[in-house]
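Hi everyone, thanks for making time for this. I'd like to walk you through one structure, piece by piece, so please have it open and turn it along with me.

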Amino acid sequence: MAFAPAPYVEHPNLRTPIALIVDDPAPCINPLWYFRHQVDGEDEPAHERTIPLDFMRDWCEWVAGSGIRGDFTVLPFPAGLGRIDQGLSGFDSGEVREWLSLARTYIAPRFDIHCEILTHTNALDLATERMLPIGEHDWIDRQDEATLTAYFTTAMRILREADLPNHGLTQPCTYNGDESMYARAILAAEKAVNGRSVTHNFLHVDGVSHFVPPRLTYLDESAGEAVVSVWSAMDDYLWNTQERGSPEGEWSPERLADRFLTADGKSGRLIELLNGGGPMVTVTHWQSLYSNGSQRGFAAYREVVARVEAFLGERVAWRKLSEIADQTLMRQTVRFHSTATADRVEVDVSAPFGCEVLTVSIPMPWPLFSGPAVEIDGVLQQWVAETSQMAVGTWCMRGSVVTVSLSIAANVARRIAVSATWR
């Protein structure tokens, strides 16, 4: 009898997840102008007041061919101007409808659609649909669980009525209250509107640590319920492209991209995160990409994505935030039971949640002098020579470690068996 190995979860198919959070998108308006005007009290903020529909068209056309994934946070009731499913006061209803149609067609298949609460400026009185004299984020700090649940539910319902497949929630600015209560309110809203018992949110940024994992903020394994807080691992490096008089507003797209990944592919925040073990979650803002009409931020992020493709290639894979959240949940809750003999290792795998891609590495208790036979539930799996070829139903060997990719359903055990073939 050999000593039983200790399996561990890898990134899906051995590719480090990378994602883009696009914060604050809304039809027609520049959300920063309205934030400065309504929350900060500026009469005439030094920003463009609107973002034209052509920018959304250009963004969607690029997204469709770029392969990027992540999260697109939509304002359901932007700046108190109206529900996006019913139109915005002072703006063309046809433009709002086309913006939503573009989001459904091009964004929704590639990004999670978050509600960025409701207005992104002042809090909304749900009974009257009038603005309160307090910033939404400050108001949210003071509310109880029932009030938060009602507020989040309203936001998600508006997106549903707009035929946008909401999954998750983003907090404007900050939240300084009880995050466990906050997570419960998000889950209650998701269950009420979308019938979803596992969800995620975006709230925090850590632009310093080299390893920035998501965090579980709510977990009930017996009920199959969970909330995962996905953190961004960098600040918005494109923010100052929209600030008039800021030096970054004159930088070339290539120079702006260097903070993410340098032109030689050797350094930048993305390399720090890759070396730190990932995930590599980036964030920017709709208004940062637009850059007060210069679209310098958009050009810079196109350059970032081109460099990722050129230098990181098969080492990374673009993911939605929900996919990153599912992997976090799997790492936290998966159970392994291993046994080993002189020529065979068996690992029973089970979890209270399902996962489309679970990649497991098994350090063999004996050296691998040649390829073993690898089975899942008695079915031989396909060997691949390169880690870049990994997919569900395949396995690879790196030294005396066998790595297998499989899918798993909630509370359904699967058995991985590795048998020596040279004995």
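**A walk through the model**

Let's start with one pair of residues: threonine 339 stands opposite glutamate 346, which is in strand S14. Before I go further, a reminder that what you see is a predicted model.

So where does that pair sit? Strand S13, residues 335–340, and strand S14, residues 344–350, run antiparallel and are joined by six bridges. The connection from S13 to S14 is a hairpin of three residues.

Now zoom out to the sheet around them. S13 and S14 belong to an open sheet of five strands, with antiparallel pairing, and the order is S13-S14-S21-S16-S17. Which strands form the edges? They are S13 and S17, the latter covering residues 379–380, and each of them pairs on one side only. As a general reminder, strands of a sheet pair through backbone hydrogen bonds, either parallel or antiparallel.

Further along that order, S21, residues 414–419, pairs with S16, residues 373–376, in the antiparallel sense, over four bridges. If you want a residue to click on there, take valine 374: its bridge partner in S21 is valine 418.

Let's leave the sheet and turn to a helix pair. Helix H5 spans residues 145–161 and helix H6 spans residues 179–194; their axes come within 8 Å and cross at roughly 40 degrees. That angle makes H5 oblique to H6. The crossing of the two helices is right-handed.

Which residues make the contact? On the H5 side, you'll find Glu145, Leu148, Thr149, Phe152, Thr153, Met156, Arg157 and Arg160. They meet a set in H6 that includes Met181, Tyr182, Ala185, Ile186, Ala189 and Val193, along with Arg184 and Glu190. Sorted by class, the contact between H5 and H6 has 10 nonpolar, three polar and five charged residues.

Next stop, helix H8, residues 269–276. Its buried residues are Arg269, Leu270, Ile271, Leu273 and Leu274, and yes, there is an arginine in that list. What covers them? Among the elements that do so are strand S2 at 16–23, strand S11 at 280–285, helix H10 at 296–312 and strand S12 at 316–318.

Stay at the end of H8 for a moment, please. Just after the helix, glycine 277 has a positive phi, about 105 degrees. Then, in the loop between H8 and S11, we come to proline 279. The peptide bond from glycine 278 to proline 279 is cis, and its omega is near 5 degrees.

That brings me to backbone angles elsewhere. Most residues other than glycine have a negative phi, and most peptide bonds are trans. With that in mind, have a look at leucine 14, in the loop between strand S1, residues 8–10, and S2. Leucine 14 has a positive phi, near 65 degrees. Alanine 79 also has a positive phi, near 55 degrees. You'll find alanine 79 in the loop between strand S3, residues 70–74, and helix H3. Is alanine 79 buried or exposed? Its relative accessible area is 4%, so alanine 79 is buried.

Since we've mentioned H3, which covers residues 93–107, let's pick out alanine 103 there. Its relative accessible area is 0%, so alanine 103 counts as buried. Leaving aside residues up to four places away in sequence, alanine 103 touches Met56, Ala108 and Leu164. The C-alpha atoms of alanine 103 and aspartate 163 are separated by 9.8 Å, with these positions 60 residues apart along the chain.

Two more residues and I'm done. Histidine 137 is in helix H4, residues 136–141. With 10% relative accessibility, histidine 137 counts as buried. Not counting residues up to four places away in sequence, histidine 137 touches Phe35, Val39, Gln171, Pro172, Cys173 and Thr174.

The other is aspartate 40, in the loop between helix H1, residues 31–38, and helix H2, residues 53–66. At 41% relative accessibility, aspartate 40 is partly exposed. Aspartate 40 and glycine 135 are 95 residues apart in sequence, and their C-alpha atoms are 8.9 Å apart in space.

That's the tour. Thanks for following along!

Key: Residues numbered from 1 in each chain as written. Predicted model: local features only at pLDDT ≥ 70, side-chain atom pairs only at ≥ 80, totals over all residues. Heavy atoms only, no water. Axes fitted to C-alpha atoms, helices over the stretch in contact; angles between N-to-C directions. Parallel < 35°, antiparallel > 145°, perpendicular 65-115°, else oblique. Left-handed = near helix turned anticlockwise from the far one by under 90°. Contact = heavy atoms within 4.5 Å. Nonpolar A, V, L, I, M, F, W, Y, C, P; charged D, E, K, R; others polar. Pairing = 2+ DSSP bridges. Buried < 20%, exposed > 50% of the residue type's maximum accessible area, 1.4 Å probe, protein only.
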